[in-house]
Amino acid sequence: MATLKFKTSLNCNNCVAKVSALLDKLVGDGNWSVDVTVPAKVLTVEPDSVAAEEIIGALNGFGYQAEKID
């Protein structure tokens, strides 16, 4: 599956830490990263079989926003 990118509301490393266990479970440890140094706070995911909607829904469940970008 292709790399997915999302604009998120994960503003800092503490936010990333809060969702790290969720993302590890959903897409696998080492298959995701968040760049909190850019304004879009881009989450990059290398999913095996997880749809973008599942990732967005999971982050929404933790109170964060995510929007798929190209």
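The following dialogue works through the strands, the core and two charged residues of a predicted model.

Student: What should I keep in mind about the conventions used here?

Tutor: This is a predicted model, in which local features need pLDDT of at least 70 and side-chain atom pairs count only at pLDDT 80 or more, while totals for chains, interfaces and linings use all residues. Residues are numbered from 1 along each chain as its sequence is written, and side-chain values use heavy atoms, with hydrogens and water left out.

Student: Why is Lys 41 called buried?

Tutor: Buried means under 20% relative accessible area, exposed means over 50%, and partly exposed lies in between, computed with a 1.4 Å probe on protein chains only. Lys 41 has a relative accessible area of 15%, and therefore it is called buried.

Student: Why is Asp 24 described with another word, and where is it found?

Tutor: Asp 24 has a relative accessible area of 27%, which falls between the two cut-offs, so it is called partly exposed. It is found in helix α1, where helices are DSSP runs of H or I with at least four residues and strands are runs of E with at least two, both numbered from the N terminus. Setting aside residues up to four places away in sequence, Asp 24 touches Asp 29, Gly 30 and Trp 32, contact being heavy atoms within 4.5 Å.

Student: How do you know that Lys 41 has no salt bridge?

Tutor: A salt bridge requires a side-chain nitrogen of Lys or Arg within 4 Å of a carboxyl oxygen of Asp or Glu; Lys and Arg count as positive and Asp and Glu as negative, whereas His and the chain ends are not counted. The nearest side chain of opposite charge, Asp 35, is 7.6 Å away from Lys 41, so the criterion is not met.

Student: What surrounds Lys 41, and what marks its backbone?

Tutor: Lys 41 lies in the loop between β2 (32-35) and β3 (42-45). Leaving out residues up to four places away in sequence, its contacts include Phe 6, Leu 10, Val 34 and Asp 35. Its phi is near 50 degrees, a positive value in a residue other than glycine, and the hairpin of β2 and β3 to which it belongs has six residues between the strands.

Student: What makes β2 and β3 a pair?

Tutor: Two strands pair if DSSP finds at least two bridges between them; β2 and β3 have four, in the antiparallel sense, and therefore they count as paired. Within this pairing, Ser 33 stands opposite Thr 44 in β3.

Student: How do you know that β2 is an edge strand of the sheet?

Tutor: Four strands form an open sheet in the order β2-β3-β1-β4, with antiparallel pairing. The edge strands are β2 and β4 (66-69), each of which pairs on one side only. Strand β1 (residues 4-8), by contrast, is joined by four bridges to β3 and by four bridges to β4. In these pairings Phe 6 has Leu 43 of β3 as its bridge partner, and Lys 7 has Glu 67 of β4.

Student: What makes the two faces of β1 unlike each other?

Tutor: In a regular strand the side chains alternate between the two faces of the sheet. In β1, the covered face holds Leu 4, Phe 6 and Thr 8, and the uncovered one holds Lys 5 and Lys 7. In β3 both faces are covered, with Val 42 and Thr 44 on one side and Leu 43 and Val 45 on the other, all of them buried.

Student: What makes a group of residues a nonpolar core, and which residues have the most contacts inside the largest one?

Tutor: A nonpolar core is a set of buried Ala, Val, Leu, Ile, Met, Phe, Trp, Tyr and Cys residues joined through side-chain atoms within 4.5 Å. The largest has 19 residues, and those with the most contacts inside it are Phe 6, Trp 32, Leu 43, Val 45 and Ile 55. Helix α1 gives the most to this core, with five residues.
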